Amino acid sequence: MKKEFKFGTDLDGKAKEELIRLAYEGKERSYSPYSGFQVGAALLAENGTVYLGCNIENAAYSATNCAERTAFFQAVSEGVKEFRAIAIVGGPKGSKKGELCAPCGVCRQVMMEFCDPRSFLVFCASSPEQYQAYTLAQLLPKG
């Protein structure tokens with residue numbers, strides 16, 4: 001799902017909090033009957049549009065898709081290929097408080113395909129006020 005929320009040119013505190021809040025919205029759409037662990041992502045495109053993603057599990061785990069890739073694939077399928085940041089949240093089903101979730105290696109590689117590793121920001125959050133920020137280069141050195 002895409003949100004027509006338009007961010008300003010800077011990712012200030014309020015904008016980061018809103019991006020994380022939107023990731024929680026994505027988390028609520030998770031299909032995770034096997035692990036019970038829901039993950040949501042909110043991907044900010046350069047044009048200001050936010051694409052939401054959730055993890056989608058399958059009994060054959062290799063067919064499972066992460067929230068981050070769900071958001072990226074939706075954006076790319078709509079012709080958007082330039083991005084500024086992503087917020088990622090996760091936690092047990094029904095939990096309002098999250099856990100810090102970093103993207104897996106496959107998701108980091110997808111990010112590397114479309115993002116400048118020095119400027120693309122990754123917010124791993126447990127709440128809108130508690131997060132850790134990384135550049136893609138920090139998460140995937142020498143990618």
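How many of the five residues of strand E5 are buried? Four of them are, so to speak, under cover, and E5 counts as mostly covered. Keep in mind that this is a predicted model. Below is a quick tour of the nonpolar cores, the strands around E5, the salt bridges and one surface patch.

**The nonpolar cores**

- The largest nonpolar core holds 24 residues, and the members that touch the most others are Leu-43, Phe-72, Phe-83, Ile-86, Phe-120 and Val-122.
- Several elements feed two or more residues into this core: strands E2 (37-45), E4 (83-92) and E5 (121-125), along with helices H2 (67-77), H3 (105-114) and H4 (136-139).
- Apart from that one, there is another core of 16 residues, including Leu-19, Ile-20, Tyr-24 and Ala-87.
- As background, nonpolar side chains in soluble globular proteins tend to be buried together.
- Phe-120 is worth a click: once neighbours within four places in sequence are set aside, Phe-120 is in contact with Leu-43, Phe-72, Phe-83, Arg-84, Ala-85, Ile-86, Met-111, Cys-115, Tyr-134, Thr-135 and Leu-136.
- Among those contacts, Leu-43, Phe-72, Phe-83 and Ile-86 are also on the list of core members that touch the most others.

**Helix H3 and its packing**

- Which residues of H3 are buried? Cys-107, Arg-108, Val-110, Met-111 and Met-112 are.
- Those buried H3 residues pack against two helices, H2 and H4, and against strands E4 and E5.
- One of them, Met-111, turns up among the contacts of Phe-120.

**Strand E5 and its partners**

- On one side of the pairing story, E5 and E4 run parallel, joined over five bridges.
- E5 also pairs with strand E6 (residues 131-135), this time in the antiparallel sense and again over five bridges.
- E5 and E6 make a hairpin, with five residues between the two strands.
- Cys-124 sits in strand E5 and is a handy residue for following both pairings.
- Ile-88 has Cys-124 as its bridge partner in E5, while in E6 the residue opposite Cys-124 is Gln-132.
- Is Cys-124 buried or exposed? Its relative accessible area is just 3%, so Cys-124 is classed as buried.
- Beyond neighbours within four places in sequence, Cys-124 is in contact with Ile-88, Leu-100, Cys-101, Ala-102, Pro-103, Tyr-131, Gln-132 and Tyr-134.
- Ala-102 is 22 residues from Cys-124 along the chain, yet their C-alpha atoms are separated by 5.9 Å.

**A buried arginine in E4**

- Arg-84 lies in strand E4, and Phe-120 is in contact with this arginine.
- Why does Arg-84 count as buried? Because its relative accessible area is 14%, and the cut-off for buried is under 20%.
- Arg-84 and Ser-119 are 35 residues apart in sequence, with a C-alpha to C-alpha distance of 7.3 Å.

**Salt bridges**

- The whole structure contains four salt bridges.
- Glu-18, Arg-21, Glu-25 and Arg-29 are tied together in a salt-bridge network.
- Within that network, Glu-25 bridges to Arg-21, with the closest N and O atoms 3.7 Å apart.
- Both of these residues belong to helix H1 (residues 13-27), where they are four residues apart, about one turn of the helix.
- Glu-25 also forms a salt bridge with Arg-29, again with 3.7 Å between the closest N and O atoms.
- How accessible are these three? Glu-25 is partly exposed at 22% relative accessibility, Arg-21 is partly exposed at 39%, and Arg-29 is partly exposed at 43%.
- Away from that network, Arg-118 forms a salt bridge with Asp-116, and the closest N and O atoms there are 3.2 Å apart.
- Arg-118 is exposed, with a relative accessible area of 68%, whereas Asp-116 is partly exposed at 31%.

**A nonpolar patch on the surface**

- Which residues form a nonpolar patch on the surface? Tyr-31, Tyr-34, Ile-56 and Tyr-61 do, and together they offer about 440 Å² of accessible area.
- Ile-56 is in the loop between strand E3 (50-54) and H2.
- With a relative accessible area of 37%, Ile-56 is partly exposed.

Notes. Residues numbered from 1 in each chain as written. Predicted model: local features only at pLDDT ≥ 70, side-chain atom pairs only at ≥ 80, totals over all residues. Heavy atoms only, no water. Core = buried A, V, L, I, M, F, W, Y, C linked by side-chain atoms within 4.5 Å. Buried < 20%, exposed > 50% of the residue type's maximum accessible area, 1.4 Å probe, protein only. Contact = heavy atoms within 4.5 Å. Salt bridge = Lys/Arg side-chain N within 4 Å of Asp/Glu carboxyl O. Patch = residues over 30% accessible without salt bridge, like charges linked within 9 Å, V, L, I, M, F, W, Y side chains within 5 Å. Areas by Shrake-Rupley, 256 points an atom, 1.4 Å probe, with all protein chains shown as cover. Pairing = 2+ DSSP bridges.
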